[in-house]
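Biologist: Please take a close look at the part where the two chains meet. What lies on each side, and which residues hold charged contacts there?

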Amino acid sequence: MIKFFLMVNKQGQTRLSRYYEHVEINKRTMLEAEVIKNCLSRLKDQCSFIEYKDFKLVYRQYAALFVVVGINETENEMAVYELIHNFVEVLDKYFSRVVRHSIYYEIFLL
Amino acid sequence: MALKMVKGSIDRMFDKNLQDLVRGIRNHKEDEAKYISQCIDEIKQELKQDNIAVKANAVCKLTYLQMLGYDISWAAFNIIEVMSASKFTFKRIGYLAASQCFHEGTDVIMLTTNQIRKDLSSPNQYDTGVALTGLSCFVTPDLARDLANDIMTLMSHTKPYIRKKAVLIMYKVFLKYPESLRPAFPRLKEKLEDPDPGVQSAAVNVICELARRNPKNYLSLAPLFFKLMTSSTNNWVLIKIIKLAFGALTPLEPRLGKKLIEPLTNLIHSTSAMSLLYECVNTVIAVLISLSSGMPNHSASIQLCVQKLRILIEDSDQNLKYLGLLAMSKILKTHPKSVQSHKDLILQCLDDKDESIRLRALDLLYGMVSKKNLMEIVKKLMIHVDKAEGTTYRDELLTKIIDICSQSNYQYITNFEWYISILVELTRLEGTRHGHLIAAQMLDVAIRVKAIRKFAVSQMAMLLDNAHLIASNTQRNGICEVLYAAAWICGEFSEHLEEANQTLEAMLRPKVTTLPGHIQAVYVQNMVKLYASILQQKEQSGEKEAAQEITQLMIERLPQFVQSADLEVQERASCILQLIKYIQKLQIKEVPVAEEVIALFAGELNPVAPKAQKKVPVPEGLDLDAWINEPPSDSESEDEKPKTIFHDEEQRHRHRQPEMDEEELARRREARKQEQANNPFYIKSSPSPQKRYQDAPGVEHIPVVQIDLSVPLKVPGMPMSDQYVKLEEERRHKQKLEKDRKKKKQKKEKRGKHHRHNSLHTESEEDIAPAHHVDIITEEMPENALPSDEDDKDPNDPYKALDIDLDK
């Protein structure tokens, strides 16, 4: 089960967040901060799956943007990894060359 | 009036839209909060306008702010207004905002019901679509109940776009309103054969998710799923089907498992998608685990899986390594032998740079330890611990080492001295948060393994002597917790102590007062036990001078504890101080007092099982539901009562004061000790062991071989655990030689009768005899208690409600 879907930039600012379970708003910022910290501290050659508290984070880096998905243990990690790529490809098609600009300003109007 | 309108529209020209807001926030990096609160004020103004476009803009901005972490629940009503806009773009904004911020606790949700219903039956498919998508995020039981029918009809809509969304949202509806499952299910089943692949995969997803929770109701769908699996080429769908349907269904239907192995192995061989491969391997493992016996190519399939997993682990892509290790740990539970052969690979993974992989490898090791390789594995882990300074990984390692060693009641430890020396080495770690874990282990081993107590006590005494090195880190759960264990063990088993005087002085040092309160309390308590045993020793050997000296020392040093800020320490120290002053008076009068002091600590306490309290039978004649006193009546007489209660207490309190003489003190201590002895939860702080009237035998000196390892802190006198590894190897070698000699003799006698497997020179687990006779005291339970375990089932589990039989 996917718990949440985040797009975060390298400075740690959330560009897009989508929660599929109700999480209190103040907890969200804390959660995002910790998740981002975990992902940013990873090197390039480390695997994309991080174990965090009681769920797993699957993340993928695209230029300056991190896409992080939180899943629980029943989910196939590899499938989610591919899903992230699928999502980015769809965005690419839609905006015909996805740029930071499009993520920041236009993703809301999807 | 006209002027107002003009003014209004001019104002509107300067409204920020979302892009401006985002840009503005980016430009105001320093005073972001101020800027945002300014924007929120502007938004509030905009929301007061009648113009729906303005409102929509405001809500759009609010949604963005919510994502940044600002609460927008105050705007709930405005969001609903925007949801009811006729123009699609505004409606979309409203639903998006609702899906982000509405939840079950939002009280205005019920106002949305009609609006959603209107949108669901709208001729415009996009309106319906956006309503469905938004609804899925904030559906409540009431909404689900009211809208279930509408959504069910939408499942048969002409447009696949709508059908897909309707099918998906049905899952949420089922969760919130389980009664809708039965009427909706036939239609859902139809969708599995829908011509549109999107709708089909949506249906597969929903049914798989339902089947995962309550598999027995969906067994009749198995043939359908089988057909889908063999015919579909969509990887996502395949993954779902394989994982959810078959992973959940096969345990119930073994024949299905047998049929499955064939196509699954085909997939494993043919697919190029790693995710699918991983899923297949996982399911094969799950299937084979559930099949108990009778499969001819059972082991062949497992071998195939292990082989594929090995390829994954050896791959340079970290992700695949991770997955390989993850799947291996699943196989490990049921087929440990097949995994054992890959131990070298896993030990290699322990050295990987990637933390996730190391953690997975650690997990695997946990299941792969045996008596033979435990020492070797722990040695390797200790090297890692030294390398991994200052990270959370080190803490993880520590917990893992302890977990591995203490599994199944210390099943794999053959030499407890080695284990204690490992624990002592672990205390040299700085900055760990698991001090209490090490302390708990030390206590556990010392209590349960009688043979090791002598050694443990000598180690603990050394720890106490070097307490100044450890006491610098006084954080909660820090390594200073070990001193807690050390003090208790020394006090409890003080008859094994060589230099009781020295240890007592170590415990009385002023630096001890910097330790956390609970540790000081244990120190104080155990000081008395030590003191008692020293006193007894001195009196038996007739050294009255020395005995009085010790008493004097205690009286001098105890006041520093009496002044402690911690209540427990203060209380214990003052009680003990009084007691010792009394003893001093008796000593001056030359009365032999040691016997009575020892009697204070008579009795031995055994470890208690964790469920013992629950299993205590309720005594007959006790009705826990009956009122003890009459339930209070709601009358005015209550007001008068409190005054009299306090008055009574005051009088009683005054009576108590004069009785504070020593006899009363001693009596109360006795009573408290009795209480504590009977209370199973009071084990660690205040036990009462039985003193044995034996002289402590001399400790055998183990030759200390200085092995040059780079360790951060070298405390003199502490043994290195490596020497035990060598000792152990030597011992085992000797044992093996002896056994071989015996086997050869036996073989000559029984030649030709049995074909024994003993001709193979592999040692089995049982051959290795432990170095010490381990007498692990089992845990106490109340009489006739069964060691059964009852899982706490969550009564509010929504999936339980979905457990209905769909075939009827």
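Modeller: In this predicted model, chain B and chain A together bury about 3,700 Å², and 52% of that area is on carbon and sulfur atoms. Of the area that chain B buries against chain A, 17% is supplied by B:Met67, B:Trp236 and B:Asn319, more than by any other three residues. Counted by residues, 45 from chain B are in contact with 39 from chain A.

Now the chain A side. Chain A has 110 residues, of which 53% count as buried. Its secondary structure consists of three helices and five strands, and from the N terminus the elements follow the order β-β-α-β-β-β-α-α. The five strands make an open sheet with antiparallel pairing, in the order β2-β1-β5-β4-β3. The edges are taken by β2 (14-19) and β3 (49-52) of chain A; each has a single partner strand, so one side of each has no neighbour in the sheet. On average, neighbouring strands of this sheet are turned by 20 degrees against each other, direction ignored. Helix α18 (residues 318-334) of chain B packs on this sheet, where it touches β3 and β4 (55-62) of chain A. The direction of α18 makes about 50 degrees with that of β3(A). Elsewhere in the sheet, strand β1 (residues 2-9) of chain A pairs with β2(A) in the antiparallel sense over five bridges. For A:Val8, the bridge partner in β2(A) is A:Thr14.

Next, the charged contacts. Side chains of opposite charge can pair when their charged atoms come close. Between chain B and chain A the count is one salt bridge. A salt bridge joins the side chains of A:Glu51 and B:Arg360, at 2.7 Å from N to O. A:Glu51 and B:Arg360 also belong to a network of salt bridges with B:Asp363 and B:Lys400.

The chain B side has another make-up. Chain B comes to 39 helices and zero strands. Buried residues are 48% of its 808 residues. Among the contacts in chain B with a separation of 6 or more, 72% are between residues 24 or more positions apart. In chain A, 42% of the contacts between residues at least 6 apart in sequence join residues at least 24 apart.

Salt bridges also occur away from the pair just described: over all chains the structure holds 24 of them. One of these joins B:Glu193 and B:Lys227, with the closest N and O atoms 3.9 Å apart. B:Glu193 lies in the loop between α11 (181-191) and α12 (197-213) of chain B, while B:Lys227 lies in helix α13 (residues 222-231) of chain B, so this pair ties together parts 34 residues apart in sequence. Another salt bridge joins B:Lys243 and B:Glu279, with the closest N and O atoms 3.7 Å apart. Here B:Lys243 is in helix α14 (residues 235-249) of chain B and B:Glu279 in helix α16 (residues 274-290) of chain B, 36 residues apart. B:Lys243 and B:Glu279 are both buried.

Disulfides can be dealt with briefly: the count over all chains is zero.

Notes
Residues are numbered from 1 along each chain as its sequence is written. Chains are lettered from A and ligands numbered from 1 in the order in which they are written. This is a predicted model: local features need pLDDT of at least 70, side-chain atom pairs count only at pLDDT 80 or more; totals for chains, interfaces and linings use all residues. Side-chain values use heavy atoms; hydrogens and water are left out. Two strands pair if DSSP finds at least two bridges between them. Helices (H or I, at least four residues) and strands (E, at least two) are DSSP runs, numbered from the N terminus. Axes are lines fitted to C-alpha atoms, for helices over the stretch in contact, and angles run from 0 to 180 degrees between N-to-C directions. Contact means heavy atoms within 4.5 Å. A disulfide is a pair of cysteine sulfur atoms within 2.5 Å. Buried area is the accessible area (1.4 Å probe) that two parts lose on being put together, summed over both. A salt bridge is a side-chain nitrogen of Lys or Arg within 4 Å of a carboxyl oxygen of Asp or Glu. Buried means under 20% relative accessible area, exposed over 50%, partly exposed in between (1.4 Å probe, protein chains only).
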